[in-house]
Amino acid sequence: ELMAAFVYAVPGPKMLWQFGELGYEISINQNGRVGNKPILWDYLANANRKRLYNVTSNMIGLRTTQPLFRTTTYDDTELGTGYGKVFHLSSADLNATIAGNFNVIAETITPNFQKTGKWYDYMSGDSITVTNIAAPFSYLPGEYHVYLDKRITPPSGYTRFRVGTAEFAAQATDFQVYPTPSVSGRFFVGYTLRNGGQVQYDVFNLQGQSVVHSVAKTVLSGSYQEEINAHLPTGAYMVRLSVNGATATQKLIVQ
């Protein structure tokens, strides 16, 4: 998703290779570089691959409808060499600030918005009010935002890809992490699924490192409670629950 947000926002010609929008994993050299490759339509049944498809389609929809992403020149040295990347596109009609964390730990990133005021996250539809263009933000591993200074709705035929609380609420309710504070990292994750689906949870420390990672599983609608004995060191953590690609987080304190 992070790569799609950056690659399709950068002006210039693009080539999308077979099933790349679904995270195709077959080597281009299989059966020879120009040989036939497997057709994997079953990728669409995987919630994470479908999520990537939605992100890619929304970014292509943005660049095909907004001249800013096709004709504007940009400074490619702006991306720099660090893991926290930011670049800007500016025009009289629309401005964009794209920021993302390419690291496997949390990064502090300063988006350096072109101006103060309202900025809209194209993917989620949420907005922020910028009062200080030099204010830093903490980004989790892989976190990214495509900010525009105008609210742009994906064109007809494209799906609004929400990554915030609204998308998660459509999938699950009653997400809880308890007890907190926890003793020695023993805690429970509780949730209720509206229609069932693919569920996975992760626990991150404050450096953005994953310290607990569950295997994705498919469950039916209903209420669930999972006990986790992680034996975590004392400190603060974030527990992320993913349901059919939609995510929500809760804070966990370990004593």
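Three strands sit side by side in an open sheet, in the order 8-9-13, and their pairing is antiparallel. Strand 8 (172–178) and strand 13 (222–229) are at the edges with a single partner strand each, so one side of each has no neighbour in the sheet. On average, neighbouring strands here are turned by 10° against each other, if you ignore direction. Keep in mind that you're looking at a predicted model.

**Inside the 8-9-13 sheet**

- Strand 8 pairs with strand 9 (residues 186–193) in the antiparallel sense, over five bridges.
- To spot this pairing in the structure, look for Ala172, which stands opposite Leu193 in strand 9.
- Thr192 also belongs to strand 9. Is Thr192 buried or exposed? Its relative accessibility is 17%, and because the cut-off for buried is under 20%, Thr192 counts as buried.
- The side chain of Thr192 makes a polar contact of 2.8 Å with the side chain of Ser223.
- Leaving aside residues up to four places away in sequence, Thr192 touches Gln171, Ala172, Thr173, Asp174, Gly222 and Ser223.

**Strand 7 and its partners**

- How many residues of strand 7 (residues 144–148) are buried? Five of the five are, so the strand is largely enclosed by the rest of the structure.
- Both of its faces are covered: Tyr144, Val146 and Leu148 are buried on one side, while His145 and Tyr147 are buried on the other.
- Strand 2 (residues 95–101) pairs with strand 7 over five bridges, in the antiparallel sense. In this pairing, Thr97 stands opposite Tyr147.
- Strand 4 (residues 117–121) also runs antiparallel to strand 7, and two bridges join them. Here, Asp121 has Tyr147 as its bridge partner in strand 7.
- Put those together and Tyr147 turns up in both pairings, opposite Thr97 and as the bridge partner of Asp121.

**Helix 2**

- How far apart are the end C-alpha atoms of helix 2 (residues 47–65)? They are 27 Å apart, which agrees with the 27 Å that its 19 residues should span at 1.5 Å a residue.
- At the start of the helix, a side-chain oxygen of Asn46 reaches to within 3.1 Å of the backbone nitrogen of Arg49.
- Thr56 lies in helix 2 too. With a relative accessibility of 4%, Thr56 counts as buried.
- Thr56 and Tyr8 are 48 residues apart along the chain, yet their C-alpha atoms are separated by 8.0 Å.
- Not counting residues up to four places away in sequence, Thr56 touches Ala4, Tyr8 and Glu21.

**Salt bridges**

- How many salt bridges does a search of the whole structure find? There are five, and among them are the pairs described below.
- Glu25 and Arg49 meet through their side chains in a salt bridge, at 2.9 Å from N to O. This pair links distant parts of the chain, 24 residues apart: Glu25 is in the loop between helix 1 (2–7) and helix 2, and Arg49 is in helix 2.
- The two partners sit in opposite settings: Glu25 is exposed, with a relative accessible area of 61%, but Arg49 is buried, at 15%.
- Lys115 and Asp149 form a salt bridge between their side chains, at 3.2 Å from N to O. They are 34 residues apart and link distant parts of the chain, with Lys115 in the loop between strand 3 (107–109) and strand 4, and Asp149 in the loop between strand 7 and helix 4 (165–169).
- Lys115 is partly exposed, with a relative accessible area of 39%, whereas Asp149 counts as buried at 12% relative accessibility.
- Arg240 and Asp202 meet in a salt bridge too, with 3.7 Å from N to O between their side chains. Which strands does this pair connect? Arg240 is in strand 14 (residues 235–243) and Asp202 is in strand 10 (residues 197–205), 38 residues apart.
- In this pair, Arg240 is partly exposed, with a relative accessible area of 29%, and Asp202 counts as buried at 6% relative accessibility.

Notes
Residues are numbered from 1 along each chain as its sequence is written. This is a predicted model: local features need pLDDT of at least 70, side-chain atom pairs count only at pLDDT 80 or more; totals for chains, interfaces and linings use all residues. Side-chain values use heavy atoms; hydrogens and water are left out. Helices (H or I, at least four residues) and strands (E, at least two) are DSSP runs, numbered from the N terminus. The expected span of a helix is 1.5 Å times one less than its number of residues. A polar contact is a pair of N or O atoms within 3.5 Å; within protein, one must be able to donate a hydrogen and the other to accept it, and residues adjacent in sequence count only if both atoms are side-chain atoms. Buried means under 20% relative accessible area, exposed over 50%, partly exposed in between (1.4 Å probe, protein chains only). Two strands pair if DSSP finds at least two bridges between them. Axes are lines fitted to C-alpha atoms, for helices over the stretch in contact, and angles run from 0 to 180 degrees between N-to-C directions. Contact means heavy atoms within 4.5 Å. A salt bridge is a side-chain nitrogen of Lys or Arg within 4 Å of a carboxyl oxygen of Asp or Glu.
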